[in-house]
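Let's take a walk through this protein together, beginning with its overall form and ending with a pair of charged side chains. Please have a look at the sequence and the model before reading on.

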Amino acid sequence: MSSLAEYVIAIADLAEAEGRALRRSLALLGWVFALIIVVTVFVLFGIGLWVWAVYLFADTLLPSWLAAAVAGAIVLGIAGVFAWLAVRNVR
């Protein structure tokens with residue numbers, strides 16, 4: 001009977017250790033997701049500033065409406081390349 005009690009205690013100890021490991025892993029995963037969100041925000045702002053710079057440059061050479069169209073076409077072209085890469089890699 002004592003061997004059954006030892007097995008129960010060993011299983012409880014194992015469950016406790018696995019619970020601690022899971023808690024640490026989930027905390028690390030939370031930090032990683034938070035950093036991914038921060039990096040994503042910075043990347044989006046950087047891309048926005050880049051598009052604005054393209055527009056300002058094109059605005060010196062072209063009418064404003066055409067400069068906006070050129071900047072938009074560049075953004076749509078880049079988005080199309082990313083969409084093509086995504087579709088190509090899903091197959």
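The paragraphs below go from the whole chain to its surface and then to single residues.

First, a word on what you are looking at: this is a predicted model. Its fold is quick to describe, since the protein has two helices and zero strands. The helices are α1, covering residues 2–61, and α2, covering residues 64–90.

How does this arrangement fill space? The C-alpha trace spans about 90 × 30 × 10 Å along its principal axes. The radius of gyration tells a matching story: the protein has 27 Å, whereas a compact globule of 91 residues would have a value near 12 Å. What share of the 91 residues is buried? Buried residues come to 4%, where buried means under 20% relative accessible area.

Now let us turn to the surface. The protein exposes about 7,800 Å², and carbon and sulfur atoms supply 79% of that area. Part of the surface forms a nonpolar patch of about 760 Å², made by Trp50, Phe57, Leu61, Leu62, Val70, Ile74, Ile78 and Phe82. Both α1 and α2 give two or more residues to this nonpolar patch. Which helix gives the most? That is α2, with four residues. One of the patch members, Ile78, is found in helix α2. Ile78 has a relative accessible area of 37%, so it counts as partly exposed, the class that lies between under 20% and over 50%.

Charge is the next stop. The protein carries 5 positive and 5 negative side chains, and the centres of these two sets lie 12 Å apart. Side chains of opposite charge can pair when their charged atoms come close. How many salt bridges does the model hold? The count comes to one salt bridge, in which the side chains of Arg20 and Glu16 meet, with 3.0 Å from N to O. That distance fits the rule for a salt bridge, because the nitrogen has to be within 4 Å of a carboxyl oxygen.

Where do the two partners sit relative to each other along the helix? Arg20 and Glu16 are four residues apart in helix α1, so about one helical turn separates them. As for their surroundings, Arg20 is partly exposed, with a relative accessible area of 40%. Glu16 is likewise partly exposed, at 47% relative accessibility.

Methods. Residues numbered from 1 in each chain as written. Predicted model: local features only at pLDDT ≥ 70, side-chain atom pairs only at ≥ 80, totals over all residues. Heavy atoms only, no water. Rg over C-alpha atoms; globule rule 2.2 N^0.38 Å. Buried < 20%, exposed > 50% of the residue type's maximum accessible area, 1.4 Å probe, protein only. Areas by Shrake-Rupley, 256 points an atom, 1.4 Å probe, with all protein chains shown as cover. Lys, Arg positive; Asp, Glu negative; His and termini not counted. Charge placed at Lys NZ, Arg CZ, Asp CG, Glu CD. Patch = residues over 30% accessible without salt bridge, like charges linked within 9 Å, V, L, I, M, F, W, Y side chains within 5 Å.
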